[in-house]
Amino acid sequence: MSSNTYECGSVKPLSELFKLLAEPNRLKILCSLGLECRPVSDVVEATSLSQTNVSFHLRLLREAHLVRAERRGPFIYYCLYDPSLLAILDQMRKWLEAHEATMGEESIRRAK
């Protein structure tokens, strides 16, 4: 392998993760959790999504081990498995903002 090539390892798991995160509502939910555990009602309020929609996406995020559920009395709270995920998402947002200035939003949309 050339020294100019970066080894990402198996790209399939990374591709599956990006597919999961490609849904904007899932990103909203992850960001709304922040660094604290929150009940579904807080996530619904923070995202303006329906309770059914939030529950559906939380299930998928839980199955992917991005969030975990904790029972606290009669309520279930959701937390990020690893809070460093927020830093990674923020870093990607900053990268995109920096490149939008040079590429333009239209170029990014066409690349989809």
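These are my notebook entries on a predicted model of one protein chain.

**Entry 1: the overall layout**

I started with the secondary structure and counted six helices and three strands in the protein chain. Reading along the sequence, I wrote down the pattern α-α-β-α-α-β-β-α-α. Next I looked up burial: of the 112 residues, 26% count as buried. The accessible surface comes to about 7900 Å², and carbon and sulfur atoms account for 57% of it. I also checked how far apart in sequence the contacting residues sit. Among contacts between residues at least 6 apart, 49% join residues at least 24 apart.

**Entry 2: the sheet**

Which order do the strands take in the sheet? I found S1-S3-S2, in an open sheet with antiparallel pairing. Strand S1 (38-39) and strand S2 (67-72) are the edge strands, and each of them pairs on one side only. I then followed S2 to its neighbour, strand S3 (residues 75-80): the two run antiparallel and are joined by six bridges. For one residue pair to look at on screen, I picked Val-67, whose bridge partner in S3 is Leu-80.

What lies across these strands? Helix H2 (residues 24-33) does, crossing S1, S2 and S3. I noted its angle to S3 as about 95 degrees.

**Entry 3: Thr-47**

I wanted one residue to look at in detail and chose Thr-47, which is in helix H3 (residues 40-47). Is Thr-47 buried or exposed? Its relative accessible area is 7%, so Thr-47 is buried, the cut-off being under 20%. Leaving aside residues up to four places away in sequence, I listed what Thr-47 touches: Lys-28, Ile-29, Ser-32 and Val-54.

**Entry 4: a nonpolar patch**

On the surface I looked up a nonpolar patch of about 340 Å², made by Leu-14, Phe-18, Ile-88 and Met-92. Where do these residues come from? Helix H1 (11-21) and helix H5 (84-103) each supply at least two residues of the patch. I zoomed in on Phe-18, which is found in helix H1. Its relative accessible area is 41%, so Phe-18 is partly exposed. Patch residues need over 30% relative accessible area, and Phe-18 at 41% therefore meets that requirement.

**Entry 5: salt bridges**

How many salt bridges does a search of the whole structure find? The search gave me eight.

I went to helix H1 for one of them. Glu-16 forms a salt bridge with Lys-12, and their closest N and O atoms are 3.4 Å apart. Both residues lie in helix H1, four residues apart, which is about one turn of the helix. Glu-16 is partly exposed at 37% relative accessible area, whereas Lys-12 is exposed at 56%.

Then I moved to helix H5. Asp-90 and Arg-93 meet in a salt bridge, 2.4 Å from N to O. They are three residues apart in helix H5, so about one helical turn separates them. Asp-90 counts as partly exposed at 28% relative accessibility, and Arg-93 is partly exposed too, at 38%.

Arg-93 also meets Glu-97 in a salt bridge, at 2.8 Å from N to O. Here the spacing is four residues in helix H5, so these two are likewise separated by about one helical turn. Glu-97 is partly exposed, with a relative accessible area of 42%. Following the shared partners, I ended up with one network that joins Asp-90, Arg-93, Lys-94 and Glu-97.

Technical notes:
Residues are numbered from 1 along each chain as its sequence is written. This is a predicted model: local features need pLDDT of at least 70, side-chain atom pairs count only at pLDDT 80 or more; totals for chains, interfaces and linings use all residues. Side-chain values use heavy atoms; hydrogens and water are left out. Two strands pair if DSSP finds at least two bridges between them. Contact means heavy atoms within 4.5 Å. Axes are lines fitted to C-alpha atoms, for helices over the stretch in contact, and angles run from 0 to 180 degrees between N-to-C directions. Patches are made of residues with over 30% relative accessible area and no salt bridge: like charges are joined within 9 Å, nonpolar side chains (Val, Leu, Ile, Met, Phe, Trp, Tyr) within 5 Å. Accessible areas come from the Shrake-Rupley method with a 1.4 Å probe; for residues, only the protein chains shown count as cover. A salt bridge is a side-chain nitrogen of Lys or Arg within 4 Å of a carboxyl oxygen of Asp or Glu. Buried means under 20% relative accessible area, exposed over 50%, partly exposed in between (1.4 Å probe, protein chains only).
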